[in-house]
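Hi everyone, thanks for making the time. I'd like to walk you through a few spots in one structure, so please have a look at it while I talk.

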Amino acid sequence: MEKRENFTSNRGFILACIGSAVGMGNIWMFPTRISLYGGGSFLIPYIIFVILLANTGVIGEMAFGRAVRSGPVDAAGTVMKRRFGKEKAGIAIGMVPAVVSWCMAVGYTVVMSWIIKYMAGMFTGEDISSDKIDDYVRDFSKTASAFGNNFWLIAALLLALLILIFGVSAGIEKTNKIMMPVFFVMFVGLAIYTAFQPNALEGYRYIFRIDVNELKDVNTWVYAMGQAFFSLSIAGSGTLIYGSYLGENDNVVYSARMVAVFDTLAAVIASLVIIPAMATAGAKLDQGGPGLMFIYLPHLFHGMPGGRIFAIIFFVAVFFAGLSSLINLYETPIATVQEKLHLGRKLSCIIVCGIGLVSALFIQGIVSNWMDIASTYGCPLGAGLMAIMFYYLCDRKYVESEVNKGTKKPVGRWFYPLARYVFTPLCFVVLIVGAVLGGIG
């Protein structure tokens, strides 16, 4: 196998992790949750959960990956071998988050094909030309149907493959160093533009209002927990594999907190763009998921002053967010193929992305259910299994030593018990509650 790569800078690593975290959950789900669960009443528990998860789960996955210098498969295999002499059992456990990451990557490939198709349509004006909502519904239904978007799907996959083939430093790191700053600049610009639209103030009041009854509602806390969990990309795979490319002197505590800050900032900025824009049009934000971004927002953009320019910038920014998440999702299965089959980087990328392309082509008509199953069951299960490996099967001294590498000030004594007794069970709580409610992320 080729020599393992590393990120060339801690800044590049942080931007790559921000790229993996900032995705569709920030753009098409967070504003809806803000709207449905009391604005600031939702923000309060959301920020509480973000702080908890960033200071346990995100730190742990980064540190665990760096400690074992591998993805989840070899990480679990190494721990199980040391503890019980059962390496094969560990490999089987580690395959869970690796397979889930691949499943998420396949589904995300389909979503990226929609984004690219609509981005191109905004430039030509094709996908923002009608004033009838039924036309947007019909167009998206056709796009999201079985084999309905083959050309753009292949384009999305080839673009991700090109970046991944260049490797960690020349591909993933350099790409995120460009895409993430541009993403934030674009969305801040859109937020400023939206602020000057009529009735935008009503949107801000809607976002930051605090409804005591909503704050007391258990659903507000449940969905805030799910949103924070999935938004931070805690799945025992992507953050862990990126952590495995870190140097010994890189500060995972600082990195995890920066990822949480900028991921939350991205979600809030998206809300400051979308909710005031909906308020300007007199629309109610009660539709999340793909419908918000590919039906309701394009229809809204059609009637806005400067709507086409707004739509172009919006979809280019979304494209950057989606692409950064897609390459992270494919990286775990690629690294697994490299580690277990001892193949070179390029061949591993071609194999994983080739299988992903064929699979994505065939799931276009069922991608929503595909992603719901993978995210609701797979992501929290993968995160929980890796948390058990690190926080239960590795001793406290080892865990704290790995977490504190590169830090100027070691984490407090609170870290280990919080990660072991709160975060780890919380992964399975998210799994169970998500299964009961049909998804909370």
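I'll go through a serine, a helix, a surface patch and some salt bridges, in that order. One thing up front: this is a predicted model.

Let's start with Ser325, which sits in helix H15, the helix covering residues 307-341. Is Ser325 buried or exposed? Its relative accessibility is 4%, and buried means under 20%, so Ser325 counts as buried. Now look at where its side chain points. A polar atom of the Ser325 side chain lies 2.9 Å from the backbone oxygen of Val22. The side chain also reaches the backbone oxygen of Ala321, at 3.2 Å. If we set aside the neighbours within four places in sequence, Ser325 is in contact with Gly19, Ser20, Val22, Gly23 and Tyr108. So Val22 turns up twice here, in the polar pair and in the contact list.

Next, helix H4, residues 72-84. How far apart should its ends be? With 13 residues at 1.5 Å a residue, the expected span is 18 Å, and the end C-alpha atoms are indeed 18 Å apart, so the two agree. Which residues of H4 are buried? They are Pro72, Val73, Asp74, Ala75, Ala76, Gly77, Val79 and Met80. The cover over those buried residues includes helices H3 (40-68), H5 (87-124), H12 (238-243), H15 and H17 (367-392). H15 is the helix that carries our serine, Ser325. Just after H4 comes Gly85, with a positive phi of about 70°.

Let's turn to the surface for a moment. Ile44, Ile48, Ile210 and Trp221 make up a nonpolar patch there, and together they have about 340 Å² of accessible area. Take Ile210 as one of them: you'll find Ile210 in the loop between helix H9 (200-208) and helix H10 (212-216). Ile210 counts as exposed because its relative accessibility is 53%, and the cut-off for exposed is over 50%.

Finally, salt bridges. How many are there? The count comes to 12, and I'll pick out a few. One of them joins the side chains of Lys117 and Asp127, at 3.2 Å from N to O. This pair links distant parts of the chain, with Lys117 in helix H5 and Asp127 in the loop between H5 and helix H6 (133-143), 10 residues apart. Both Lys117 and Asp127 are buried.

Another salt bridge pairs Lys405 with Glu248, and here the closest N and O atoms are 2.8 Å apart. In sequence these two are 157 residues apart: Lys405 is in the loop between helix H18 (396-404) and helix H19 (415-437), while Glu248 is in the loop between H12 and helix H13 (252-280). Lys405 counts as partly exposed, at 24% relative accessibility, and Glu248 is partly exposed too, at 36%.

Lys405 has another partner as well: its side chain meets that of Glu402 in a salt bridge, at 3.2 Å from N to O. Glu402 counts as buried, because its relative accessibility is 7%. Which residues are linked in this network of salt bridges? They are Arg69, Glu248, Glu402 and Lys405.

That's my tour, and I'm happy to go back to any of these spots.

How values were computed:
Residues numbered from 1 in each chain as written. Predicted model: local features only at pLDDT ≥ 70, side-chain atom pairs only at ≥ 80, totals over all residues. Heavy atoms only, no water. Helix = DSSP H or I, 4+ residues; strand = E, 2+ residues; numbered from the N terminus. Buried < 20%, exposed > 50% of the residue type's maximum accessible area, 1.4 Å probe, protein only. Polar contact = N/O pair within 3.5 Å; in protein donor to acceptor, adjacent residues only side chain to side chain. Contact = heavy atoms within 4.5 Å. Expected span 1.5 Å × (residues − 1). Patch = residues over 30% accessible without salt bridge, like charges linked within 9 Å, V, L, I, M, F, W, Y side chains within 5 Å. Areas by Shrake-Rupley, 256 points an atom, 1.4 Å probe, with all protein chains shown as cover. Salt bridge = Lys/Arg side-chain N within 4 Å of Asp/Glu carboxyl O.
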